[in-house]
Structure formats: C-alpha cells, structure tokens
Amino acid sequence: MARAVSRRHKVVVTLAAWSVALIIFFPVLWMILTSFKTETSAVASPPQLFTADWTLENYAEVWARSDYPRFFGNSVVISVGSTLLGLAIAIPAAWAMAFVPGKRTKDLLMWMLSTKMMPAVAVMIPVYLIFLRTGLIDTRIGLVIALMLMNLPIIIWMLYTYFKEIPAEILEAARMDGAGLWGEIVHVLTPMALPGIASTMLLNIILAWNEAFWTIVLTTTNAAPLSAFIASFSAPQGLFYAKLSAASAMAILPILILGWFSQKQLVRGLTFGAVK
Amino acid sequence: MATHSSRLAARLMVAPSVVVLFIWMIVPLAMTIYYSFRLYRLISPERAGWTGFRNYAWFLNSPEFWQAISNTLLLVGGVLVITVILGTLIALLIDQPVWGQGPLRILVISPFFVMPPVAASIWENLFMHPQNGMFASFALGLGMKPILFMEQYPMASVIFIVAWEWLPFATLILLTALQSLSSEQLEAAEMDGATALDRFRYIILPHLTRAITVVILIQTIFLLGIFGEIFTTTQGGPGSASTTLPYMIFKQAIAAKDIGRAAAGGIIAVILANIVAYFLMRGIGRHLDA
C-alpha cells in the first residue's frame, strides 16, 4: 500500500506511529530502567525516568541469591529440548501431508489443531497423576515431553505450510533421477525446507520458554524454569521492585531478542500461511 | 503422482504424530471422565466411591460456576474486541510510510514475547500497585485517590493485561494483510470521490476479513486457557470476582483438593471448548489453506 505522500504527512504519521509504539513498549522499557535503580528510587514518587544512582547490584543479587542459574538452565533445556523432540516427530508428518496429501489430510490437520482447544487445566489432574506415578514430575524430561505434546499441533501446522510451498516438480525430478525416499529428504527437501524448519524451531522455543501453566503445575523445585520462578516471585512485597525487575529482565531478554530476529516468520508461521 | 508405496510411507511418517497426540488427548480425558464420577478428596482419601452425577451437580449449582463462565467469556470477548479494533487502527497507522519502520515494528511486537507471569507482574507491581505503582503516583499528583485495580476492577485489569500481550500479534497479522492490498484500487476509489471512511468500509475492511478471522481463531485457542496472568495477579479474587472456568477448576483441585469436582469441571470445560471450537472451525476453517 505504498502511496505517494507529502513530506509533512510523513512527519505527522511518523510522530503518531512512534508515539503509539513507545506507549506499547513502555512497560517493558520501564521494567528495564527500574532494574538498574536502587530499591528506594524504584518506588520514588513522582516516578523518575532517570536516576543518578544507577546500579548493577540487583542483577548480581538475583543471580547469586535466587538460584537463578538453575531456573535459567531449566528454561533452556526444556524449551530447546521440547522443540527438537517435536521437530523430530513433526517433520516426517508434515512432509508426508504436504507431498502425499490424502483425502483426509485437511481433516487430520483440523483435528490436530482442535487438540489445542482442550483447556489444559481440564486434564491437569490426570496428567499430574501420570507424571507422579511414572516419576516424571519435577523432572526436565517430563516437562520436555509435556511441552512437546502441547506445541506439536502448532509445529506440524507451521512446517506443513512451509513445506507446501516447495514445488512438487522438484521432488519429481529427483525421483526421476532415481533418488530414493531417503535421498529425496537429504538432498532435496532438507536444503529447501531449512528456512521453514529454522523459523518453526525459533518460534516454538519462544512458545515453550513462555509457557506458564504446565511449568507451574508439573514442577516444584528441581525442574522449575523461569516462568515458574517469576510466578512465585511476584507476591506484592513492598521494597523489592528493582530486584523483581532485574529478575524479570533476565527472564525475558533472551527470548525478546530471539523474537525480534524472527518477527517476520512469526506472522507467517502462526497464521498457518493463511495471511500473506 | 503418489504411488502405492509412497502412500504407505506417508502413513508411516504421519503415524507417530497422530499416535502421540491421540494418547495425549484420550488418556487424560478418559481418566478425567472416570474421576468426575468418583468421590475423591485428597484430604479424606479413604472415603472413595462412585458418586453419580453429584460432582457435576455441585459444579453446575455453584454460583461461582456461572460467574466463572461469564468471566471466561468476558475475558475472551473483551480481549478479542480490544485487540482487533486497536490492532486494525495501529496497523493502518504504521502501514503508511514512516521513518524507522524496522525499529518501530520491534517495539510494537515486543509485548508478545514477554512471558505471562512477567507481563502480569510488571503491570501489577510497577503500574497498578495502589501504593508504589506509577498510576498511583499520577493519581496522587492530580490530587485523586489511587485506584485499587486488583480489588475494585479485577476482571478489567486482567483483560487489560492480556490485551496488551496480544495486541502486537493482532497488529502484525493485520499489517501483513494490509500490505497485500493493491494501492491502485485505493487510488481509483479516491479519484472516484470515495472518502477515507468509504475506502475503509468498502475496500480495506473486506480485504481484512480473512486476517481478522485468523486473529480470532488463534487468539481464542490461547485465550480459552489463560491461566498465568490470573495466577500471578488476582488469584481469581477478590472472592471469585476474577475466577475464570480454568481458574475455578484449578482452585478445586489445588486449594479444595477435591479431585472429583475438579474433574467434573474439567469435562464441562472440554464440552464448552468443543462447542466454541465447532463454531470457530465451521466459520473460520475454510479460510485456512489446507
């Protein structure tokens, strides 16, 4: 929708757009600024955008006192692990549905998506009990499995939309040349599908990192990731805003940066190719 | 051309996904149905037995249930209305030529990447807190009494926080759709004397229909299960003023330790989700490429 516009119009629109963007972003910005303040200036009234007594102490303290590294490690293992496991199961399925579609492929995809509609809390107790009896409760592997299953429909859908855009003629040509199924996957499909797989991976790491239901229900201490840590951290307790902000910043910054890089793919992936 | 053997291979490749998803769905569901007909309280486990539909009856007769249903619908509906309307307006704004398009988008998309407990705690503590929050400071500065957000307006506060989290998603999808709108069509309409409002009503809005349905479908999937934001802020209170259906089930299981009742609530939630899903899939499913 690029249209010729006057310079004055562009100035006005730019100012308006940047104001809106800054308002939307402001809570995150404010949290980051607060994380560098002392506890006293964090609750100063009127609020101070900038203070003279910047400090890194909040970060040092959160890192040292709260077992932060363990939560962080759990978040990394769980989000990356569940995504890789999900990809291993989803790639063949999405490949088959995209290139050898049957009569019921669309119904199958819809059914997969509909499993996401079941409220997690409705099946919380059985899942909790199964995890308890199988010893998966409060373990990283248990959460890897739970989050993989939770996100599997989305992983399959995203991969499916990416794979569908690979022209089938290329595969046929490879088949003519005598490539077997395996050769097809390794030499033809993988290079062409890699960008789609990469962005699916990135986005599912983000979804798994931010998951805050199963992580709270299925962990206590050992396997608790950052989302469970922050949820327990945030009872209103007066003078701890700077530390809360530092802990929050450390919880979201890795994924925020990852998200900034993948924002274009996010839209395409999450709309299942329905919006171009 | 798919041969017979490639069809077989395709089935084998799809099988693991279907099997694990089916197990993930059916085993917990079957167990939930079983528990929903049992008397099963963790505080008195010796008193166990079949209890017919009593758990369901308790749930459906509880005044909290109807409040939870209306809160759930309010949350989903409220967030959808806010994000679709504001998302459309913001998308129209940033679709125009502006300086710094890239950084601008990064700022707008950011809330989407903030995990629910952090989003909730930023708003609850740094902004809405009645003593130390920024809103309280402003209110005092203007000589007014600070608003007790979580006590006086718990549902509105939760809806506000969730809408903030999902606004970027709606905006970005609507923006993507806007960018595929041909400018010739708009210019032609403009020359024919169509006002800005006419152009929006007759050209832009129809073009956005598909994107809006996608936003509604995907957000509903996630909004029906909203949990972390309520857990972090109001805990469903005060009383049950901000208890949604998922949160009510959670309270039955964790606080009241009544597995039977929580399970009955779970089955009710599954039935309601299926009703919503049915209408969504019928209305929206055809818009998806499959």
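Helices and strands are DSSP runs, of at least four residues for a helix and at least two for a strand, numbered from the N terminus. With that in mind, this tour moves through a predicted model, one selection at a time.

**Chain B as a whole**

Begin by selecting chain B, which holds 13 helices and two strands. The radius of gyration of chain B is 24 Å, whereas the globule rule gives 19 Å for 290 residues, so the chain is more spread out than a compact globule. Turn the view along the principal axes: the C-alpha atoms of chain B fill a box of roughly 80 × 80 × 30 Å. If the viewer can colour by burial, note that buried residues account for 44% of the 290 residues in chain B. Consider next the contacts in chain B between residues at least 6 apart in sequence; of these, 71% join residues at least 24 apart.

**Two helices that cross in chain B**

Select residues 63–94 of chain B, helix H3, together with residues 196–223 of chain B, helix H10. Their axes come within 10 Å and cross at roughly 145°, and the crossing of H3(B) past H10(B) is right-handed. Which residues meet here? Display the side chains on H3(B): B:Leu75, B:Val76, B:Val79, B:Leu80, B:Thr83, B:Val84 and B:Thr88. Facing them from H10(B) are B:Leu208, B:Ile212, B:Val215, B:Ile216, B:Gln219, B:Thr220 and B:Leu223. Sorted by class, this contact comprises ten nonpolar and four polar residues, with no charged ones.

**Where chain B touches chain A**

Now show both chains. The contact between them draws 93 residues from chain B and 85 residues from chain A. Which helix gives the most to the side of chain B that touches chain A? Select residues 4–36 of chain B: this is helix H1, which gives the most, with 17 residues. On that side of chain B, the classes are 66 nonpolar, 21 polar and six charged residues.

**The domains of chain A**

Finally, hide chain B and colour chain A by its two domains, domain 1 (7–60) and domain 2 (67–270). The centres of these domains in chain A, taken over C-alpha atoms, are separated by 32 Å. Their contact takes eleven residues from domain 1 of chain A and ten residues from domain 2 of chain A. On the side of domain 1 that touches domain 2, the elements giving two or more residues are helix H1 (7–35), helix H2 (39–42) and helix H3 (57–65) of chain A. H1(A) gives the most, with four residues. That side of domain 1 of chain A has five nonpolar, four polar and two charged residues.

How values were computed: Residues are numbered from 1 along each chain as its sequence is written. Chains are lettered from A and ligands numbered from 1 in the order in which they are written. This is a predicted model: local features need pLDDT of at least 70, side-chain atom pairs count only at pLDDT 80 or more; totals for chains, interfaces and linings use all residues. Axes are lines fitted to C-alpha atoms, for helices over the stretch in contact, and angles run from 0 to 180 degrees between N-to-C directions. A crossing is left-handed if the near helix is turned anticlockwise from the far one by less than a right angle, and right-handed if clockwise. Two residues are in contact if their C-beta atoms, placed from the backbone, lie within 7 Å. Ala, Val, Leu, Ile, Met, Phe, Trp, Tyr, Cys and Pro count as nonpolar, Asp, Glu, Lys and Arg as charged, and the others, Gly among them, as polar. Domain bounds come from an automatic or database domain assignment. The radius of gyration is taken over C-alpha atoms; the globule rule is 2.2 Å times the number of residues to the power 0.38. A residue is buried if 20 or more other C-beta atoms lie within 10 Å of its own, exposed if 12 or fewer, and partly exposed in between; C-beta atoms are placed from the backbone.
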